[in-house]
Amino acid sequence: MSCTQSRKKHIEISDEFKLEFLNEILSDTSNLKIISNKEQLITFGELIPGMMPIHPNGGSTISHFEFIADSLETQDIDFIRQQWIKNKDFDFMQLKNYGFRVFDLQKLRQETKSSDLFDTLEIMNKGFKSFYRTIITVPVFNEKKDKAYLMVNNYGGAAYILKMENGKWEVKSKIHEYVE
């Protein structure tokens with residue numbers, strides 16, 4: 001590498017940062033309203049939008065990573081891709097330490113017949129102010145860590161773009177909304 005070439009600055013987004021972010025946005029049940037309350041069952045899932053926009057150069061659609069990078073207004077698609085890969089190792093169950101009702105959907109699917117899954121979730125919700133489950137992706141951030149992308153599915157869903165404004169996370173936009 002020559003002296004005139006710039007090196008990419010390594011930016012670390014720690015699991016602790018992601019956990020604090022998730023706690024903050026999920027606890028905000030009056031403004032953000034991503035979940036209705038902490039009694040709602042939540043789980044991790046790798047959600048992707050059903051359709052991507054057409055590439056500006058024509059022809060095919062853009063990749064999911066290009067879509068996230070564009071949504072977060074960053075040019076570094078590899079930075080986005082690396083977060084997505086690293087997020088697979090994130091321990092979503094740690095949200096239990098913040099008072100959330102978290103369950104492992106993959107494990108439940110392995111242990112339960114698909115026809116019994118809804119009934120099992122209904123039993124899990126008995127006695128709580130919750131009638132369904134919400135699947136949430138681990139967030140992906142821009143380099144400044146002031147914008148985040150995540151998808152939420154609660155028998156319908158959306159991709160959320162959040163921005164830190166005045167010390168609080170705010171929904172900048174909700175895109176790819178759908179109903180199941």
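## Lining of the largest cavity

Let's start inside this predicted model, with the residues around its largest cavity. By class, the lining has three nonpolar, three polar and two charged residues. The residues involved are Phe 44, Gly 45, Glu 46, Trp 84, Asn 87, Lys 88, Thr 137 and Val 138.

As for volume, the largest cavity comes to about 50 Å³. A search across the whole structure turns up two cavities of 30 Å³ or more. If you are wondering how such spaces are found, rolling a probe the size of a water molecule over the atoms shows where empty space is left.

## The nonpolar core

The largest nonpolar core holds 46 residues. Which of them touch the most other members? They are Leu 22, Ile 25 and Leu 26.

Ile 25 is a good one to click on in your viewer. Leaving aside residues up to four places away in sequence, Ile 25 touches Leu 32, Ile 34, Leu 150, Leu 162 and Trp 169.

## Aromatic pairs and a cluster

Eight aromatic pairs come out of a search of the whole structure. One of them joins Phe 90 and Phe 92, with ring centres 6.4 Å apart and planes at 75°. This pair counts as edge-to-face because the angle between the planes is over 60 degrees.

Are these two rings buried or exposed? Phe 90 is buried because its relative accessibility of 7% is under the 20% limit, and Phe 92 is also buried, at 5%.

Trp 169, already met as a contact of Ile 25, belongs to an aromatic cluster together with Phe 17, Phe 21 and Phe 141.

## Lysines over rings

Phe 17, a member of that cluster, also has a charge over its ring: the charged end of Lys 145 sits 5.3 Å from the ring centre. Elsewhere, Lys 38 lies over the face of Phe 100, at 4.7 Å from the centre of the ring.

Definitions and conventions: Residues are numbered from 1 along each chain as its sequence is written. This is a predicted model: local features need pLDDT of at least 70, side-chain atom pairs count only at pLDDT 80 or more; totals for chains, interfaces and linings use all residues. Side-chain values use heavy atoms; hydrogens and water are left out. Rings of Phe, Tyr and Trp (its six-membered ring) pair if their centres lie within 6.5 Å; planes under 30 degrees apart count as stacked, over 60 as edge-to-face and the rest as tilted. Buried means under 20% relative accessible area, exposed over 50%, partly exposed in between (1.4 Å probe, protein chains only). A charge sits over a ring if NZ of Lys or CZ of Arg is within 6 Å of the ring centre and within 35 degrees of the ring normal. On a 1 Å grid over the protein atoms alone, a cavity is a set of points where a 1.4 Å probe fits but cannot get out, and a pocket is an open set with protein on both sides within 12 Å along at least five of seven lines; lining residues have an atom within 4 Å of a point. Grid points are joined across faces, edges and corners, and a volume is the space filled by probe spheres set on the points. Ala, Val, Leu, Ile, Met, Phe, Trp, Tyr, Cys and Pro count as nonpolar, Asp, Glu, Lys and Arg as charged, and the others, Gly among them, as polar. A nonpolar core is a set of buried Ala, Val, Leu, Ile, Met, Phe, Trp, Tyr and Cys residues joined through side-chain atoms within 4.5 Å. Contact means heavy atoms within 4.5 Å.
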